[in-house]
Amino acid sequence: VQLKNELWRALYHNELRLFYQPKNDAGSGQIIGYEALVRWQHPVRGLLSPDKFLPVAEKSGMIIQVGEWVLNEACRQLAIWHAQGNTELSVSVNLSALQFEQEMLAQVVLNALTTNNVPPEKMILEITETTAMRSPKETIRILTILKEHGIQVSIDDFGTGYSSLLYLQSMPASELKIDRAFVREINNNHTDTRLLAMIIELAKNMNLNIVAEGVETEEQQRQLTELGCNILQGFYFSRPVPPEQLVLPEIMVK
Ligand code: G
Ligand code: G
Ligand code: MN
Ligand code: NA
């Protein structure tokens, strides 16, 4: 059976899962939200990572249905955290290029939010720099609509694409996610570190949150905080895990 046909079955039989990885405030270490990362609990092949099935989903257009499932499931989980008292938590959801360019995107996201009764301000949509810069004018139009509805947007894998910093200046995004490649090079490559410092400076001037992803060591945590990243994410804090294994922030009891 082709994976593509199996993917329909997966959706119908609820075989997709969301794992979550915490995003931590760099200063306090406090968990401020989680990134949702999709998995497929395949009955025969076991737990499949997104690179095993998302390319197929993208090619067949099924990524629209998969993405809609992801949005709804992430909002359902967010509602649970909020009901438990963690009302400040946000959830980050990755969008594929096809999803981002969908005319109905804002409606699909708002529908997931209102169905689960969670505020749009707590939803962060992640689009890659490459997707964002494919057609910058169109991206600005879409981001403006999302922003009008209170939905946040993060530019993911930043620094790997060809984005002109000039275009970035005009993007109504709320967050910049520095690509893992920069984080990895922080100790080895002086030029990369200086470029990173410049990107952080620019993002600060734009009032963007700056997330460093792929933080694996205490040393990286320290240096990235010093460089001005205000949010950190990576194996150093936690791998992506199913919701029942998550460490949740402690709720302040008055
Ligand atoms: O979780 P992991 O490191 O295996 O993710 C691999 C890639 O898959 C990452 O680039 C991530 O952004 C992407 N990805 C994970 N979940 C989703 C999702 O729900 N939708 C889309 N479009 N991409 C995702
Ligand atoms: O492209 P995106 O940023 O959405 O990718 C998320 C992916 O990064 C997930 O597949 C996740 O498993 C992976 N990831 C998260 N933290 C780390 C880390 O500290 N090191 C490495 N190598 N990968 C990480
Ligand atoms: Mn991401
Ligand atoms: Na990324």
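**Ligand shells, helix H5 and the nonpolar core**

In this predicted model, the shell around ligand 2 divides into four nonpolar, four polar and five charged residues. Of the 13 residues around ligand 2, those that come nearest are Gly-214, Glu-216, Gly-234, Phe-235 and Pro-240.

The surroundings of ligand 1 can be set beside this. Here the shell divides into seven nonpolar, four polar and one charged residue. Its members are Leu-37, Val-38, Ser-49, Pro-50, Asp-51, Leu-54, Gly-67, Val-70, Asn-94, Leu-95, Ser-96 and Pro-240. Pro-240 thus appears around ligand 1 and also among the residues that come nearest to ligand 2. Three elements, strand E2 (31-42), helix H2 (50-60) and helix H3 (63-83), each supply at least two residues of the ligand 1 shell. The most comes from H2, which gives three residues.

Helix H5 is a good place to look at how a helix sits in the fold. Spanning residues 105-115, H5 has Val-109, Ala-112 and Leu-113 as its buried residues. Viewed down the axis of H5, these buried residues fall within an arc of 100°, so they line one face of the helix. An α-helix has 3.6 residues a turn, so residues three or four places apart point the same way. The buried residues of H5 pack against H3 and strand E5 (123-128), while the face turned away from the buried side carries the exposed residues Gln-107 and Thr-114. Just after H5, Asn-117 takes a positive phi of about 60°.

Strand E5 also holds Ile-127. This residue counts as buried because it has 25 C-beta neighbours inside 10 Å, where 20 or more are required. Leaving aside neighbours within four places in sequence, Ile-127 is in contact with Leu-95, Phe-100, Ala-132, Val-153, Ile-155 and Asp-156. One of these contacts, Leu-95, belongs to the shell around ligand 1 as well. Ile-127 and Ala-97 lie 30 residues apart in sequence, yet their C-alpha atoms are 7.5 Å apart in space.

In soluble globular proteins, nonpolar side chains tend to be buried together. The largest nonpolar core of the model has 63 residues, of which Ala-74, Leu-125, Ile-178, Ile-210 and Cys-229 touch the most other members. Helix H3 gives the most to this core, with eight residues; H3 also supplies at least two residues of the shell around ligand 1. Not counting residues up to four places away in sequence, Ile-210 touches Leu-176, Ile-178, Ile-200, Ala-203, Gly-228, Cys-229, Asn-230 and Ile-231.

How values were computed. Residues are numbered from 1 along each chain as its sequence is written. Chains are lettered from A and ligands numbered from 1 in the order in which they are written. This is a predicted model: local features need pLDDT of at least 70, side-chain atom pairs count only at pLDDT 80 or more; totals for chains, interfaces and linings use all residues. A residue is near a molecule or strand if its C-beta atom, placed from the backbone, lies within 6 Å of it. Helices (H or I, at least four residues) and strands (E, at least two) are DSSP runs, numbered from the N terminus. Ala, Val, Leu, Ile, Met, Phe, Trp, Tyr, Cys and Pro count as nonpolar, Asp, Glu, Lys and Arg as charged, and the others, Gly among them, as polar. A residue is buried if 20 or more other C-beta atoms lie within 10 Å of its own, exposed if 12 or fewer, and partly exposed in between; C-beta atoms are placed from the backbone. The arc is that of the directions from the helix axis to the C-beta atoms. Two residues are in contact if their C-beta atoms, placed from the backbone, lie within 7 Å. A nonpolar core is a set of buried Ala, Val, Leu, Ile, Met, Phe, Trp, Tyr and Cys residues joined through C-beta atoms within 7 Å.
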